[in-house]
Amino acid sequence: MLNRKDLLGLRDVSAEEITLILDNAEEMKRLVNSGKKSFDLLKGKTLITLFYENSTRTRSSFELAGKYLGATEINISASSSSVQKGETLIDTGKTLQALKADFIAIRHPMGGAPHLLAKTVGCSILNGGDGMNEHPTQALLDMLTMRETFGSLKGLKVAILGDIKHSRVAKSNLFGLTKMGAEVWVYAPKTLIPRGFDELGAHIATSREQCVDGANAVMGLRIQLERQSGGLFPSLSEYSKFYGVNDEVLSHADKNAVVLHPGPVNRGVELTPQVIDGEKSRIEDQVTSGLSVRMAALMLLNEYREANL
Ligand code: CP
């Protein structure tokens, strides 16, 4: 059993817990792929998605995960809620608790917002991305996609190229993948590599070829223009030319390598359209994995709630 009320990040989640979530997600995927999309495993439970930032994949897959499992599910977007009238996150959380929510999946521009909510309310909090901090279910779905392809994560080389500095996906993947015995290499303009990333276990490549050389998985990360104040690299076209992934760059990876991207992709910037739509691309599989990972996370947190709360 997952011994926690909330899923806030992978920094403090053990390899055993990651394996448990991935095993359960695999089982969920098998059920959904068999055509069954209606279960009563979370019947009587309520999931609220509370998103203070835009999302397509994370929000819709949390919503569908709840619905497929039989939970009552509603979405609150900050833009149309009382947040616009000045309500605090804590007061919003207490309101949702008073409405008997069991689970809140939250995305927030401030790192640590889900942790604050988790301390304040008895609902189980699932972090759907907090600022530049973590995006645990994204890293879990990335790991599920890689584990399905290679059978195990142990010994894999994962090359991550893109905006590492502003990326919660890079951090959660680094925490998760290194715990699972994979090597994480990163490459980007120096201004897009966060200080201390090597101390967290990442290998900082000095060239794009070194980063990708022999890699089993090559992950592009979106250039997050909305989180930048500008001046971190000259232009998108130069970024693409010197740091992007194209077929030539990919030829340095292992011959069975797969290409990942959490989405949304800036087509032609992080990855060329040929790479995005090419045979090595697992970008759509990642989205499918996201549904089963979020179903598994809800199921496992529910198990904890039933046993402890
Ligand atoms: N990968 C990801 O978080 O995508 P969304 O922003 O569409 O949720």
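Start with the ligand and select its shell: by class, it has 1 nonpolar, 6 polar and 2 charged residues. The model is predicted, so every distance and volume below is computed from predicted coordinates. To show the shell, pick S55, T56, R57, T58, R107, H135, Q138, P262 and G263, which surround the ligand.

**Contacts of the ligand**

Keep the ligand on screen and show the side chain of T58. One of its polar side-chain atoms lies 2.7 Å from an oxygen atom of the ligand. Add R107 next, where a polar side-chain atom is 2.8 Å from an oxygen atom of the ligand. For P262, turn on the backbone instead: a backbone N or O atom of this residue lies 2.9 Å from a nitrogen atom of the ligand. On its own the ligand has 250 Å² of accessible area, and the protein covers 92% of that.

**The largest pocket**

Now hide the ligand and look at the space it takes, which is the largest pocket. The volume of this pocket is about 400 Å³. It is lined by 21 residues, and R107, R168, R222, G263 and P264 are the closest to its centre. Colour α2 and α6 (168–179), the elements that give two or more residues to this lining. By class, the lining of the largest pocket divides into 4 nonpolar, 9 polar and 8 charged residues.

**A cis peptide bond**

Stay at the centre of the largest pocket and select G263 and P264, both of which are among the residues closest to that centre. The peptide bond from G263 to P264 is cis, with omega near -10 degrees. Most peptide bonds are trans. To place P264 in the fold, show β9 (258–260) and α10 (273–276); P264 lies in the loop between them.

**The second largest pocket**

Move on to V265, R267, I276, I283 and E284. Of the 14 residues that line the second largest pocket, these are the closest to its centre. The volume here is about 190 Å³. Select α11 as well, since this element gives the most to the lining, with 3 residues. Coloured by class, the lining of the second largest pocket shows 6 nonpolar, 4 polar and 4 charged residues.

**The cavity**

Which element gives the most to the lining of the largest cavity? Keep α11 selected: it gives the most here, with 4 residues. The structure holds 1 cavity of 30 Å³ or more, and the largest cavity has a volume of about 60 Å³. To outline it, select R57, S61, Q138, L141, P262, Q286, V287, G290 and R294. Three helices each supply at least two residues of this lining: α2 (57–68), α5 (136–150) and α11 (283–308). By class, the cavity lining has 3 nonpolar, 4 polar and 2 charged residues.

Then bring back the ligand. R57, Q138 and P262 are in the cavity lining, and R57, Q138 and P262 are also among the residues that surround the ligand.

**One last backbone stop**

Finish at K100, in the loop between α3 (89–98) and β3 (103–108). Is phi of K100 positive or negative? Phi of K100 is near 70 degrees, a positive value in a residue other than glycine. Most residues other than glycine have a negative phi. From K100, follow the chain into β3 (103–108) to return to R107 and its contact of 2.8 Å with an oxygen atom of the ligand.

Notes
Residues numbered from 1 in each chain as written. Predicted model: local features only at pLDDT ≥ 70, side-chain atom pairs only at ≥ 80, totals over all residues. Heavy atoms only, no water. Near = heavy atom within 4 Å. Polar contact = N/O pair within 3.5 Å; in protein donor to acceptor, adjacent residues only side chain to side chain. Areas by Shrake-Rupley, 256 points an atom, 1.4 Å probe, with all protein chains shown as cover. 1 Å grid on protein atoms, 1.4 Å probe; cavity = no way out; pocket = protein on both sides within 12 Å on 5 of 7 lines; lining within 4 Å. Sits in = over half its atoms within 2 Å of the grid points. Nonpolar A, V, L, I, M, F, W, Y, C, P; charged D, E, K, R; others polar. Points joined across faces, edges and corners; volume = space filled by probe spheres on them.
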